Amino acid sequence: MSRQSNRTTDSKKMNSELFTLTYGALVTQLCKDYENDEEVNKQLDKMVMVRLCFHSFPLLPRGYNIGVRLIEDFLARSSVGRCQDFRETADVIAKVAFKMYLGVTPSVTNWSPAGDEFSLILESNPLADFVELPDNHSTLVYSNLLCGALRGALEMVQMAVDVKFAQDTLRGDGVTEIRMKFIKRIEENLPAGDE
Amino acid sequence: MAHEAPFQLLHSELIHYICKTADGADSENGRSVTKLENMGFRVGQGLIERLTKDTARFKDELDVMKFICKDFWTCVFKKQIDNLRTNHQGIYVLQDNKFLLLSHMSAGKQYLEHAPKYLAFTCGLVRGALSNMGVKSIVTAEVSVMPACKFQVMIQKL
């Protein structure tokens, strides 16, 4: 029993490592399944795209994907209300959502003059903790899942947003930068005959 | 604080992807389960390396299994294994009465036919973890009523 004491481990940290490693296994599998990186990027992104169809909304299949489900979890847990503008959205994403789910707080910078575009700068990317990209995968956007998750989650709160990686430390850039551009507000379509 | 929700969602997305891309007719179920199991194996190997880096050497096989039931399970699934049984001849049965990856699906027999997909990755996790602790094994899982499940570990003698 004396040994038991030195066996304490930080379970929160382990859990994020589990996530990182599992994600790595998924990317590895995708790289095996698809010939080129472009296709892998697309698959990673799609994994979280919304099969959006407001008319059949209540009938959506069980297979909701990550962003769509995560937004529900997020709203339920965080008691964040509706955002008034895109700046507030940016703050919530960086300071609340990223912190809650990935344990990091990216900084929000590079606002466009119109206020419809900004960048998230990640000092460290938990998805890519133990990762090195081999030379033959130079076009792989390793953490592309994040883009899909952000887009999917925001679509569920009526915002169409374009998300992509502008810089990535895995590919030799100084920082990891996710660029987000507001496209439009999605109008709520009520099902026919349901006013 | 890193949360368990992303892992759960990633896990179900993983299953969704693997099972959808499995080529139609040829015993797709078996093959996608194997694929998931192999992915789990690799993850288990990585995890146990990080987890055991400061632990003392294990006395014997039973000590290794206890480590899996307590520390490993707590790290991955936030709880300990509820019951560990063995015949002292290399077979261990690990029972989890409320398995995390099944607990959001059902509490009964509904969706029982989908359960194997949701256990394959974990079987791999355990096998990978054991393998990196020098124990070669075969791990299978069975469910009769969700969300309880039993993992059977058969140690392969060298």
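## A walk through chains B and A

Start by selecting Pro147 of chain B, which sits in the loop between S3 and S4 of chain B. Helices and strands here are DSSP runs (H or I of at least four residues for helices, E of at least two for strands), numbered from the N terminus. Look at the bond leading into this proline: the peptide from Met146(B) to Pro147(B) is cis, with omega near 0°.

Before moving on, some housekeeping. This is a predicted model, where local features need pLDDT of at least 70 and side-chain atom pairs count only at pLDDT 80 or more, while totals for chains, interfaces and linings use all residues. Residues are numbered from 1 along each chain as its sequence is written, chains are lettered from A and ligands numbered from 1 in the order in which they are written, and side-chain values use heavy atoms, with hydrogens and water left out.

**Zoom out to chain B**

Show chain B as a cartoon and you should find five helices and four strands. Along the sequence they come in the pattern α-α-α-β-β-α-α-β-β. The radius of gyration of chain B is 15 Å, close to the 15 Å from the globule rule for 158 residues, so the chain is as compact as a globular protein of that length. That radius is taken over C-alpha atoms, and the rule is 2.2 Å times the number of residues to the power 0.38. The C-alpha trace of chain B spans about 45 × 40 × 30 Å along its principal axes.

Now colour chain B by burial: 52% of its 158 residues count as buried. Buried means under 20% relative accessible area, exposed means over 50%, and partly exposed is in between (1.4 Å probe, protein chains only).

**The sheet of chain B**

Select the four strands of chain B. They make an open sheet in the order S1-S2-S4-S3, with antiparallel pairing; two strands pair if DSSP finds at least two bridges between them. At the edges are S1 (83-86) and S3 (137-142) of chain B, each pairing on one side only. From one strand to the next, the twist averages 20°. For angles, axes are lines fitted to C-alpha atoms (for helices, over the stretch in contact), and values run from 0 to 180 degrees between N-to-C directions.

Next, select helix H3 (residues 61-77) of chain B. H3(B) packs on the sheet, touching S1, S2 (91-96) and S4 of chain B, and its direction makes about 15° with that of S2(B). Contact here means heavy atoms within 4.5 Å. Then pick helix H5 (residues 115-132) of chain B, which lies across S3 and S4 of chain B and runs at about 155° to S3(B).

Back to the strands themselves:

- S1(B) and S2(B) run antiparallel, joined by four bridges; Arg85(B) has Val93(B) as its bridge partner in S2(B).
- S1(B) and S2(B) form a hairpin with four residues between them, and His88(B) in the turn has a positive phi of about 60°.
- S3(B) pairs with S4(B) (residues 149-155) in the antiparallel sense over six bridges; Ala141(B) has Phe151(B) as its bridge partner in S4(B).

**Stop at Gln95(B)**

Select Gln95(B), in strand S2 of chain B. Is Gln95(B) buried or exposed? It counts as buried, at 17% relative accessibility. Show side chains and you'll see the one on Gln95(B) making a polar contact (2.8 Å) with that of Asn97(B). Leaving out residues up to four places away in sequence, Gln95(B) touches several others, including Ile81(B), Arg85(B) and Cys149(B).

**Over to chain A**

Select the strands of chain A. They form an open sheet of four, in the order S1-S2-S4-S3, with antiparallel pairing. S1 (107-109) and S3 (159-167) of chain A stand at the edges with a single partner strand each, so one side of each is left without a neighbour in the sheet. The twist here averages 30° from one strand to the next. In the sheet, S2 (residues 117-122) and S4 (residues 176-185) of chain A pair over six bridges in the antiparallel sense, and Leu120(A) has Ile178(A) as its bridge partner in S4(A).

Add helix H4 (residues 86-102) of chain A: H4(A) lies across S1, S2, S3 and S4 of chain A, at about 15° to S2(A). Helix H5 (residues 144-155) of chain A lies across S3 and S4 of chain A, at about 165° to S3(A).

**Last stops: two loop residues**

Ser79(A) is in the loop between H3 (66-78) and H4 of chain A. Ser79(A) has a positive phi of about 55° although it is not a glycine, and at 68% relative accessibility it counts as exposed.

Finish at Gln158(A), in the loop between H5 and S3 of chain A. Gln158(A), also not a glycine, has a positive phi of about 65°; this residue is buried, with a relative accessible area of 9%.

Definitions and conventions: A polar contact is a pair of N or O atoms within 3.5 Å; within protein, one must be able to donate a hydrogen and the other to accept it, and residues adjacent in sequence count only if both atoms are side-chain atoms.
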